[in-house]
Amino acid sequence: MVLDNACFCGIKPITRDTVPYANQPFRAEGLGRNAFAAIMKKTIIITGATSGIGLEATRLLAGKGYCILAVGHSTANCEKADQDIRFGIPDADISWFAGDLMQQREVVRVAGEIKKRLNENGTESLYALINNAGCTRSRYMTTEDGYEQQFALNHLAGFRLTHELLPYLLKEGGRVIMTSSESHKNMKVRWSDVMMRKHYNPLLAYKQSKLCNMLFALGLSDRYGAKGLHAYGVDPGLVNTDIGNKTTGIVDFVWKFRKRFGVHPSVSAQDYLYLCEQCEPPAGLYFHHGKPKKYNKQVTTENATRLFKLSERLCGIRYE
Ligand SMILES: NC(=O)c1ccc[n+]([C@@H]2O[C@H](COP(=O)([O-])OP(=O)(O)OC[C@H]3O[C@@H](n4cnc5c(N)ncnc54)[C@H](OP(=O)(O)O)[C@@H]3O)[C@@H](O)[C@H]2O)c1
């Protein structure tokens with residue numbers, strides 16, 4: 001991976017040498033040592049942090065000294081991932097939040113817990129949000145809101161979580177990273193049937209959700225770029241994870257074979273690190289291994305605006 005122009009501004013683990021005035025008596029009134037340390041660090045939220053690319057990215061970013069707010073699907077998997085990471089990095093600054101992000105009400109609940117933590121830390125600003133959680137399906141399945149599950153998790157969850165955390169992101173000129181995929185190419189959004197209720201094809205539904213990641217990244221840049229927010233889509237490449245094996249049917253069958261050709265998730269985790277470590281937010285929308293790359297011609301401002309409006313309606317929210 002090429003990390004040219006990287007100036008490695010992710011702050012290293014806090015030590016007495018790196019914290020200004022650390023060797024002097026603590027004078028700031030009402031500000032405990034933990035709160036002080038939290039202010040000095042950059043906070044990154046990552047979803048889908050318990051396995052695959054998200055787990056390796058959490059390990060990598062925690063090792064670089066970031067304060068990580070990691071979101072997982074279940075408490076059990078969060079605990080497992082926490083133990084796994086702390087085995088190598090015992091003092092990793094990670095807090096875990098569990099919830100089924102496929103369900104809108106769960107996204108709002110988890111976001112509420114995260115906001116509470118940010119306020120408690122006294123940071124009230126967010127350096128980066130990595131919307132990485134994703135799934136595949138072999139057949140048409142819906143959420144409790146009645147939305148197709150890949151669309152709901154891969155796109156709507158990130159759309160809603162970003163909305164909830166937007167004030168924090170805008171405060172610091174934060175970065176939003178959407179985990180897209182090369183599979184977003186050769187695809188159009190089925191505007192008349194975005195849940196693909198008629199003629200469901202799981203692969204096309206996945207491709208569409210990854211196209212939505214790109215459209216959302218563009219939509220965010222269009223709306224908030226002038227306010228200092230930077231949004232990106234990332235192509236992690238073909239990665240050897242269990243994403244296709246968490247569902248039954250044809251996807252499980254095909255993925256068992258296909259994933260053998262994928263890279264280790266720690267390789268793709270570097271894609272997130274690159275976008276976080278650049279002092280100057282990189283110019284470009286779609287990145288792979290530290291380089292901008294071409295994306296689908298469907299990724300236009302017109303389509304991004306259309307998806308924004310549709311997603312706002314489906315989530316019952318308004319981005320200001
Ligand atoms: N693997 C590839 O080749 C590849 C290629 C391009 C793009 N991507 C994208 O990369 C991202 C990460 O995928 P991965 O390959 O690393 O797969 P993975 O190992 O299955 O990771 C997916 C993560 O999302 C979480 N998740 C799944 N359903 C969830 C839900 N309902 N609520 C909250 N969290 C949930 C999973 O938690 P649990 O395991 O606990 O459910 C897991 O932590 C996805 O967005 C995927 O589309 C992957």
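Two strands pair if DSSP finds at least two bridges between them. The model discussed here is predicted.

Q: How many bridges join strand 5 to strand 6?
A: Strand 5 covers residues 175-179 and strand 6 covers residues 230-234. The two run parallel, and Ile177 has Tyr232 of strand 6 as its bridge partner. The number of bridges joining these strands is five.

Q: Which strands stand at the edges of the sheet?
A: The sheet is open, has eight strands with mixed pairing, and follows the order 3-2-1-4-5-6-7-8. Each edge strand has a single partner strand, so one side of it is left without a neighbour in the sheet. The edge strands are strand 3 (94-98) and strand 8 (291-292).

Q: What angle does the direction of helix 8 make with that of strand 5?
A: Helix 8, residues 265-277, packs on the sheet. Among the strands that helix 8 touches are strand 1 (43-47) and strand 7 (286-288). The direction of helix 8 makes with that of strand 5 an angle of about 165°.

Q: Which helix gives the most to the shell around the ligand?
A: Helix 2 (52-63) and helix 5 (149-172) each supply at least two residues of this shell. The contribution of three residues is the greatest, and it comes from helix 2.

Q: Which residues come nearest to the ligand?
A: By class, the shell has 11 nonpolar, 16 polar and three charged residues. Of the 30 residues around the ligand, those that come nearest are Gly48, Gly52, Gly134, Thr241 and Ile243.

Note on methods
Residues are numbered from 1 along each chain as its sequence is written. This is a predicted model: local features need pLDDT of at least 70, side-chain atom pairs count only at pLDDT 80 or more; totals for chains, interfaces and linings use all residues. A residue is near a molecule or strand if its C-beta atom, placed from the backbone, lies within 6 Å of it. Helices (H or I, at least four residues) and strands (E, at least two) are DSSP runs, numbered from the N terminus. Ala, Val, Leu, Ile, Met, Phe, Trp, Tyr, Cys and Pro count as nonpolar, Asp, Glu, Lys and Arg as charged, and the others, Gly among them, as polar. Two residues are in contact if their C-beta atoms, placed from the backbone, lie within 7 Å. Axes are lines fitted to C-alpha atoms, for helices over the stretch in contact, and angles run from 0 to 180 degrees between N-to-C directions.
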